Each structure stands twice: as C-alpha cells, then as structure tokens.
Amino acid sequence: MPGILIRFNFSTMEDIKGQFEIHEPFIITGRGLTFAGIVLQGEVNQGDVLQFDINGESLKRMITGVDMGMRLPKENRLTGLLIRCENEEEMKALRAWNPNKARASILSGRSS
C-alpha cells in the first residue's frame with residue numbers, strides 16, 4: 001500500500017493578523033521601499049511580516065515601519081508600510097511593480 005504524503009502550510013490562519021490592499025510602491029530616499037495602501041481588516045505593526053504574490057511568486061517581507069495617514073476616516077486611511085528588501089535589485093523590481101490593489105496578508109512577526 002502506498003504511503004500518504006501530508007503537507008503542512010505553516011502560515012496558518014492563527015498567524016494572519018490582517019489584510020492589506022497594496023495600491024502603490026514607492027521609494028523614500030534614505031529609508032527604502034514603501035507600499036501605500038489600506039488595511040482592510042485587522043492590525044499592522046512594525047516587525048510584522050507582509051505576505052504577497054508578485055509574478056506568480058509568494059514573498060514574505062518584514063515591515064520595518066508603519067505610517068498611518070491622519071486626513072482620512074479610519075476605515076479609508078491610507079497607510080504606508082516600509083518593507084525590508086533583500087537587496088537593491090529587489091527594491092527596484094518591487095518599485096516597478098504595478099500591484100493593482102493586490103491583497104496581502106499581515107502575519108505576526110513571530111511567523112517570519
């Protein structure tokens with residue numbers, strides 16, 4: 001009788017703190033890559049991990065800073081997430097990406 005292969009996805013629902021809609025990537029000189037968008041649900045904190053798909057590949061990147069706009073109502077507040085990139089090449093590639101309101105998961109920093 002053949003063996004049974006069981007695969008586990010270690011990004012469980014317990015790890016997901018929220019959802020983020022990515023509107024636009026841009027670079028802040030001296031700080032790095034920022035994703036502007038809206039926190040759709042949950043919460044986001046410095047040290048959490050953003051998991052998103054780009055060109056068929058799933059990436060997890062540390063959130064090194066959070067800037068919440070104060071001019072819009074809380075439910076529509078534009079938020080900037082400063083993202084740690086692996087290198088300058090990745091930063092430039094993500095800057096050129098058109099996310100078209102891509103959905104990303106906000107994971108607890110302990111799951112990175």
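Strands, in the sense used here, are DSSP runs of E at least two residues long, numbered from the N terminus. On that basis N55 falls in the loop between strand 3 and strand 4. The model is a predicted one, and N55 is a handy place to start looking at it. Phi of this residue is near 50°, a positive value in a residue other than glycine. With a relative accessible area of 76%, N55 is exposed. K101 is another non-glycine residue with a positive phi, in this case about 60°. It is found in the loop between helix 1 and strand 6.

Stepping back to the overall layout, the protein has one helix and six strands. Read from the N terminus, the order of these elements is β-β-β-β-β-α-β. The chain has 112 residues, and 40% of them are buried. Of the contacts with a separation of 6 or more, 58% are between residues 24 or more positions apart. The accessible surface adds up to about 7700 Å², with carbon and sulfur atoms contributing 49% of it.

Strand 2 is a good guide to how the strands fit together. It is mostly covered, with eight of its 11 residues buried. One of its partners is strand 1, which pairs with strand 2 in the antiparallel sense over 10 bridges. Within this pairing, G18 has G42 of strand 2 as its bridge partner. The two strands make a hairpin with three residues between them, and G30, in the turn, has a positive phi of about 85°. Strand 2 also pairs with strand 5 (residues 78-83), again in the antiparallel sense, here over six bridges. In that pairing G37 is matched with T79 of strand 5.

Next comes the helix. Helix 1 spans residues 88-96, and its buried residues are E90, M91 and L94. These cover an arc of only 100° around the axis, so they sit on the same side of helix 1. The spacing fits a general rule: an α-helix has 3.6 residues a turn, so residues three or four places apart point the same way. The other side of helix 1 has E89, K92 and A96, which are exposed. As for what lies over the buried residues of helix 1, the cover includes strand 1 (16-28), strand 2 (32-42), strand 3 (49-54) and strand 4 (57-68). At the start of the helix, N87 has a side-chain oxygen that comes to within 3.2 Å of the backbone nitrogen of E89.

Aromatic side chains add another set of links. The structure has three aromatic pairs. In one of them, F35 and W97 have ring centres 5.9 Å apart and planes at 65°, so this pair is edge-to-face. F35 belongs to strand 2, while W97 is in the loop between helix 1 and strand 6 (102-107), so the pair ties together parts that are 62 residues apart in sequence. F35 counts as buried because its relative accessibility is 0%. W97 has a relative accessible area of 13% and is buried, because the cut-off for that label is under 20%. A further pair brings in F52: its ring and that of W97 have centres 5.8 Å apart and planes at 25°, so this pair is stacked. F52 lies in strand 3 and W97 in the loop between helix 1 and strand 6, so here the parts tied together are 45 residues apart in sequence. Both F52 and W97 are buried. Taken as a group, F35, F52 and W97 are linked into a cluster by ring pairs.

The last spot to look at is D48, which sits in the loop between strand 2 and strand 3. This residue is buried, with a relative accessible area of 5%. Its side chain is joined to that of K17 by a polar contact of 2.7 Å. A polar atom of the D48 side chain also lies 2.8 Å from the backbone nitrogen of N45. Leaving aside neighbours within four places in sequence, the residues in contact with D48 are K17, E43, R61, M62, I63, I106, L107, S108 and G109.

Methods:
Residues numbered from 1 in each chain as written. Predicted model: local features only at pLDDT ≥ 70, side-chain atom pairs only at ≥ 80, totals over all residues. Heavy atoms only, no water. Buried < 20%, exposed > 50% of the residue type's maximum accessible area, 1.4 Å probe, protein only. Helix = DSSP H or I, 4+ residues; strand = E, 2+ residues; numbered from the N terminus. Arc of directions from axis to C-beta. Contact = heavy atoms within 4.5 Å. Polar contact = N/O pair within 3.5 Å; in protein donor to acceptor, adjacent residues only side chain to side chain. Areas by Shrake-Rupley, 256 points an atom, 1.4 Å probe, with all protein chains shown as cover. Pairing = 2+ DSSP bridges. Phe/Tyr/Trp six-rings, centres within 6.5 Å; stacked < 30°, edge-to-face > 60°.
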